2 protein chains.
Amino acid sequence: MSETAANVEPIGKREKTKVANRQAILIAARAVFAELGYEAATVRDIIRGTDLASGTFYNYFKSKEEVFDALADDGARRFRPILRMARENAKSFEDYLHSAFVAYFHFIVQDNQLEGRPIEERRPHILRMDTPEMTAVYQEVRQSLEDAIAHGDAPHVDADYLACACIGIAQEVGSAMLRRSLHDIDAAADFVTGLLLKGLTGAARKD
Amino acid sequence: MSETAANVEPIGKREKTKVANRQAILIAARAVFAELGYEAATVRDIIRGTDLASGTFYNYFKSKEEVFDALADDGARRFRPILRMARENAKSFEDYLHSAFVAYFHFIVQDNQLEGRPIEERRPHILRMDTPEMTAVYQEVRQSLEDAIAHGDAPHVDADYLACACIGIAQEVGSAMLRRSLHDIDAAADFVTGLLLKGLTGAARKD
DNA sequence: CACAAAAGTGACGAAACGTCAATTTGCGAC
DNA sequence: GTCGCAAATTGACGTTTCGTCACTTTTGTG
């Protein structure tokens, strides 16, 4: 073998710097959004956080908004396998719900470790939920719910509404949890799981 | 009485044009956001929709974002009395929940009559959760829930989380409803009310 | 009517945007 | 190695939007 052993990844320097630059921009953008807030941040601020020139930014993204969408999309992409594992390892429907919420709450706690401006200001005013990976997460949730219904683990409900309800609950209760000084992931997950399974009775405090 | 009869409203022309101008800007902004999308819209686009000069804009708002917040705030302000009436007229806790959701879904259907860009791209309604009126809506929901708990109409749950869950559900299921060709407000309200009261069992289809 | 305070106006400098001709870098061919 | 071409980077430049401010107009008051 005269070739180097690294022929499993036939990746040239060209492509490598390309993904590296894209990543550098995304990382810089995260930091800038956290520090200045999304609205106040400019494309120049972002590119200044890398060693690239201003013109190069536009080789990778059309605008600040597109960078944000890419960040959101990346987040969803990273979360998806976690969600899938939660489903595959679940012993029961209740178990699935609980571990999925635990996974999500854990994920957002991690994702907001960066300090800076309040979390609300790091996002655009209008959050778009229709990026490809975002949609995929919704589809995954919905599919899981439909499977559970088909399998008799859950009553025959409107899976679309239910998936939306789950996502809405996860988002809002998740944000509320982040606002609290102590991020009690299990308590939050217990709350929402109980609420979904048994309604208010199920969400009641255990004290 | 030598004075004119209109002394019940001691409002001079000064104040009158002031509120009129502010309102004109907000209305123009709504239209511009609907037509161009929020991100693409500029302060100049907005002011062009009124008969005011560009400099005048800054007498009323600091930026496009502040206009958006004002629109959101106005939406919340209009919704609050509706929510309050739902509570005061409710015969029971279940009735309160149901009519509150009906009111909200009705509200967002009305609020999205304007045609233009896809709803995701404009959205001058309930999204930002940290404007004064928005917070007031949250407080109102939470207070209602705490009252119900104290009165024994609901189990002893974490009212903060529950309020957030209700709001999250309302937003997401509301959006899902808007996406459907037929906006069946009652069906959506039945779904979420059942879900909250009895969990999945309560949300099951009635067929 | 006169005068002062408040509000409106639009031109102007500053800031951010997005483009592009010139330059550098990567990569295959010889 | 080096030659040549394509791809990517660069930063200066023209353009667009921003936000301000000196000036004008409007409103309220005596």
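Mentor: A crossing is left-handed if the near helix is turned anticlockwise from the far one by less than a right angle, and right-handed if clockwise. This is a predicted model, in which local features need pLDDT of at least 70 and side-chain atom pairs pLDDT 80 or more, while totals for chains, interfaces and linings use all residues. Residues are numbered from 1 along each chain as written, with chains lettered from A and ligands numbered from 1 in written order.

Trainee: In which hand does H7(A) pass H8(B)?

Mentor: Helix H7 of chain A and helix H8 of chain B, each spanning residues 159–179 (helices are DSSP runs of H or I, at least four residues, numbered from the N terminus), have axes that come within 7 Å and cross at roughly 140 degrees (axes are fitted to C-alpha atoms over the stretch in contact, and N-to-C angles run from 0 to 180 degrees). That angle makes the pair oblique (not under 35, over 145 or 65 to 115 degrees). The crossing of H7(A) with H8(B) is right-handed.

Trainee: How many residues of the contact of H7(A) with H8(B) are nonpolar?

Mentor: The contact (C-beta atoms, placed from the backbone, within 7 Å) includes Cys164(A), Ile167(A), Cys164(B) and Ile167(B). Four of its residues are polar and four charged, while the nonpolar ones (Ala, Val, Leu, Ile, Met, Phe, Trp, Tyr, Cys and Pro) number 14.

Trainee: How many residues surround DNA strand D?

Mentor: Among the closest are Ala53(A), Gly12(B) and Thr42(B). By class, the surface near strand D (C-beta atoms, placed from the backbone, within 6 Å) has four nonpolar, eleven polar and six charged residues. The number surrounding strand D is 21.

Note on methods
Helices (H or I, at least four residues) and strands (E, at least two) are DSSP runs, numbered from the N terminus. Two residues are in contact if their C-beta atoms, placed from the backbone, lie within 7 Å.
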